[in-house]
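Colleague: I am new to this structure and would love a close look at one part of it. Could you walk me through the salt bridges, and then show me what else is worth seeing around them?

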Amino acid sequence: MGAERDVALTDSRLAPNQVSREFEEKDKRMERYVKAIQRITGTLKSFTIKQISRGNNRRADALSKLASTCFGHLSKEVLVEVLKERNIGERQVDSLSVAQPNWMTPIMDYLQHGILPDDHGEARKTRVRAPQYAMLKGTLYRKCYTAPWLKCIDNTTGKQALKEAHAGSDGAYEGAWALTGKVL
């Protein structure tokens, strides 16, 4: 997302001390996680990881309360995903490029170049909707204030994501809210 500085707060004493090399990693898997963190944070101008005591953990408590109240409309089911490979294994990911005009094109044109559609009604609609979106490194995101920004995708990719989420690893069928949460 273009961050240059990061401060990570944790209630764990082990994580900050392992990242700063004050504690030694006893198992190879933990050593790989520490190396992955150092590789990722090596691109930042500054990175700090600190332990906070439980008494000073008001921010984490507030964040957990916010998360539990903001998503109350979603299903209370616990979804379990079985990972076939470890998170720290590196994989090459191809970026998708949008070749044909789609629903995002007018918004992207307006945000990047100030170009509005020729139709007066569509131009007004685009001007009204544009503040809800942001462009970051050529990608369109929907702004959210109580959740991470949502990456916008075209209809084909959206249908594919819905199909994969609906099928699930065991072909399970969820309700609409559970499926929406899974896709988001």
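Modeller: Here is a short tour that starts with the whole chain, turns to the salt bridges, and ends with the nonpolar core and the cysteines. Please keep in mind that this is a predicted model.

Let us set the scene before zooming in. The protein chain has 184 residues, and 17% of them are buried. Its secondary structure comprises 7 helices and 5 strands. Read from the N terminus, the order of these elements is β-α-α-β-α-α-α-β-β-β-α-α. The chain exposes an accessible surface of about 14,900 Å², and carbon and sulfur atoms account for 53% of that area. If you take the contacts between residues at least 6 apart in sequence, 50% of them link residues at least 24 apart.

Now to the part you asked about. How many salt bridges does a search of the whole structure find? The search gives 4, and three pairs can be visited one by one.

A good place to begin is helix α2, which covers residues 28-41. Here the side chains of Glu-31 and Lys-35 form a salt bridge, with an N to O distance of 3.3 Å. Why can these two be described as about one helical turn apart? Because they sit 4 residues apart within that helix, about one turn separates them. Glu-31 is partly exposed, at 22% relative accessibility, and Lys-35 is also partly exposed, with a relative accessible area of 45%.

Next, look at helix α5, residues 120-129. Lys-125 pairs with Glu-122 in a salt bridge whose closest N and O atoms are 3.3 Å apart. In this helix the partners are 3 residues apart, so about one helical turn lies between them. Both ends can be placed by their accessibility: Glu-122 is partly exposed at 34%, and Lys-125 is partly exposed at 44%. Elsewhere, salt bridges with shared partners tie Glu-4, Arg-5 and Lys-45 into one network.

Within that network, Glu-4 and Arg-5 are joined through their side chains by a salt bridge of 3.8 Å, N to O. Is Arg-5 buried or exposed? With 56% relative accessibility, Arg-5 counts as exposed, while Glu-4, at 40%, counts as partly exposed.

For a contrast with these charged pairs, turn to the nonpolar side of the model. The largest nonpolar core consists of 6 residues, namely Met-104, Ile-107, Met-108, Tyr-133, Leu-140 and Cys-152. Met-108 is a handy one to select on your screen: leaving aside residues up to four places away in sequence, Met-108 touches His-113, Met-135, Gly-138 and Leu-140. Leu-140 therefore appears twice here, as a member of the core and as a contact of Met-108.

Another core member, Cys-152, leads to a last question: how many disulfides does the structure hold? The count is 0. A disulfide is a covalent bond between the sulfur atoms of two cysteines. The cysteine sulfur closest to that of Cys-152 belongs to Cys-144, and the gap of 9.4 Å is too far for a bond. Seen from the other end, the sulfur of Cys-144 likewise finds its closest cysteine sulfur in Cys-152, at 9.4 Å. As for their surroundings, Cys-152 is buried, at 10% relative accessibility, whereas Cys-144 is partly exposed, with a relative accessible area of 21%.

Technical notes:
Residues are numbered from 1 along each chain as its sequence is written. This is a predicted model: local features need pLDDT of at least 70, side-chain atom pairs count only at pLDDT 80 or more; totals for chains, interfaces and linings use all residues. Side-chain values use heavy atoms; hydrogens and water are left out. Buried means under 20% relative accessible area, exposed over 50%, partly exposed in between (1.4 Å probe, protein chains only). Contact means heavy atoms within 4.5 Å. Accessible areas come from the Shrake-Rupley method with a 1.4 Å probe; for residues, only the protein chains shown count as cover. A nonpolar core is a set of buried Ala, Val, Leu, Ile, Met, Phe, Trp, Tyr and Cys residues joined through side-chain atoms within 4.5 Å. A disulfide is a pair of cysteine sulfur atoms within 2.5 Å.
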